[in-house]
Amino acid sequence: MTFKSLTLTAVMALATSAAFAEEVRVYNWSDYIDEELLAKFEEETGIKLIYDVFDSNEVLETKMLAGGSGYDVVVPTGTFLQRQIQAGAFQKLDMSKLPNHANMWDQIESRTAQYDPGNEYSINYMWGTTGLGVNVGKVKEVLGEDAPMNSMDLVFKPENMEKLAACGVHFLDAPTELIPAALKYLGENPDSHDPDVIEKVEPVLMGVRPYIQKFHSSEYINALANGDICVAVGWSGDILQARDRAAEADNGVEIEYHAFKQGSLMWFDQMAIPVDAPNPDAAHKFLNFIMDAQNMAAASNYVYYANGNKASQEFLVEDVIGDTAIYPDEETMQNLYTTSPYPAKVQRTVTRLWTKIKSGT
Ligand code: N2P
């Protein structure tokens, strides 16, 4: 770099930083936005956007309950949001600052009201399901042509997992999603809050524990795409992103997402403003930007998750709006279940159980 261009760069950097009179701090899930939208927000509003990512509701919850996170916008899943609202972690939204709220989809709002009555504290960002990511070629190689690609048997039956261990299996590190799934496998109510019922998953998960390479909630995207693992219990859009990354790499890896035929969890990730947000005004501007129909469509088209914005639907590509793994049809919808937050005492059982399962002892 010449002296001249260095000077120019330095001047431009100064000019850019001086151009931002304020900033907004957003804490969202990893692999959950088209990053071009972040630049677009800064250009349109002149507000500097600091965007950090996480991959676990538990990590976010610890910050929210401790307070002083420094974030202006965070994105808990509905069940966690509900508990955090009750703990006083969020401020009510000022609808007068959110004209794009008119774009939201009443069908999704009626569901998210289960967690945030009246949707007073949050807007839906994305929603999706928890199911199976499979490397079609490898799974067939290991389990044969009629491998149960869309069945809980794939990951909860020790005889299948024993074979799959050779090509690699990841589970989400998400106790509030994996425990309900194991309950569903047992034919129990996945939303049971009865500790005696919840304990029933221990032998199921312990039975396959030796064959799980890792509990992690974001590494599986690249691991699937690169062919490093052959199965992941993961989130719908993440697995579809893995499918695309493999296709782009042209590496011969074919990834599919399947909701569990026995029933998958349907969850809702909600944007909310912490009660102690440093810049609530900018937080509202960010939420309003996100609720713009074209912005929301751009986000869904990029991450392969459905959103709660009705007006965005005309801008969704066919690969997204036409895929029942993303926008389920009535029949697929019938097979999805939702959960509610565990009361504190039950949560302790769940946390203890999960620690035990992860450690495998
Ligand atoms: C984004 C995953 C978010 C879904 N990578 C979990 N609620």
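These legends go with four close-up views of a predicted model.

**View 1. The ligand and the residues around it.** Here we zoom in on the ligand, which sits among Trp29, Ser30, Asp31, Tyr32, Thr77, Trp235, Asp238, Trp267, Asp269 and Tyr305. Start with serine 30: one of its polar backbone atoms is 2.6 Å from a nitrogen atom of the ligand. Two aspartates come in with their side chains. Aspartate 238 places a polar side-chain atom 2.8 Å from a ligand nitrogen, and aspartate 269 has a polar side-chain atom 2.8 Å from a nitrogen atom of the ligand.

**View 2. Helix 2 crossing helix 14.** This one pairs helix 2, residues 35-45, with helix 14, residues 280-290. Their axes come within 11 Å and cross at roughly 125°. An angle between 115 and 145 degrees is neither roughly perpendicular nor roughly antiparallel, so the two helices are oblique to each other. The crossing of helix 2 past helix 14 is right-handed. On the helix 2 side, look for Leu37, Lys40, Phe41 and Glu44; on the helix 14 side, the contact uses Ala282, Lys285, Phe286 and Phe289. Sorted by class, the residues of this contact come out as 5 nonpolar and 3 charged, with no polar ones.

**View 3. Helix 9 against helix 11.** Next up are helix 9 (residues 175-185) and helix 11 (residues 201-208), whose axes come within 9 Å. The crossing angle is roughly 100°, which falls in the 65 to 115 degree range, so helix 9 runs roughly perpendicular to helix 11. Helix 9 brings Ile179, Ala182, Leu183 and Tyr185 to the contact, where they meet Val201, Val204 and Leu205 of helix 11. The class count for this contact is 7 nonpolar residues, with no polar and no charged ones.

**View 4. Helix 3 alongside helix 4.** The last close-up shows helix 3, residues 57-66, packed with helix 4, residues 78-86. Their axes are 11 Å apart, at an angle of about 10°. That angle is under 35 degrees, so the pair is roughly parallel. From helix 3, the contact takes in Asn57, Glu58, Glu61, Met64 and Leu65, while helix 4 supplies Phe80, Arg83 and Gln84. It's a mixed bag by class: the contact of helix 3 with helix 4 has 3 nonpolar, 2 polar and 3 charged residues.

How values were computed: Residues are numbered from 1 along each chain as its sequence is written. This is a predicted model: local features need pLDDT of at least 70, side-chain atom pairs count only at pLDDT 80 or more; totals for chains, interfaces and linings use all residues. Side-chain values use heavy atoms; hydrogens and water are left out. Axes are lines fitted to C-alpha atoms, for helices over the stretch in contact, and angles run from 0 to 180 degrees between N-to-C directions. Helices (H or I, at least four residues) and strands (E, at least two) are DSSP runs, numbered from the N terminus. A crossing is left-handed if the near helix is turned anticlockwise from the far one by less than a right angle, and right-handed if clockwise. Contact means heavy atoms within 4.5 Å. Ala, Val, Leu, Ile, Met, Phe, Trp, Tyr, Cys and Pro count as nonpolar, Asp, Glu, Lys and Arg as charged, and the others, Gly among them, as polar. A residue is near a molecule or strand if one of its heavy atoms lies within 4 Å of it. A polar contact is a pair of N or O atoms within 3.5 Å; within protein, one must be able to donate a hydrogen and the other to accept it, and residues adjacent in sequence count only if both atoms are side-chain atoms.
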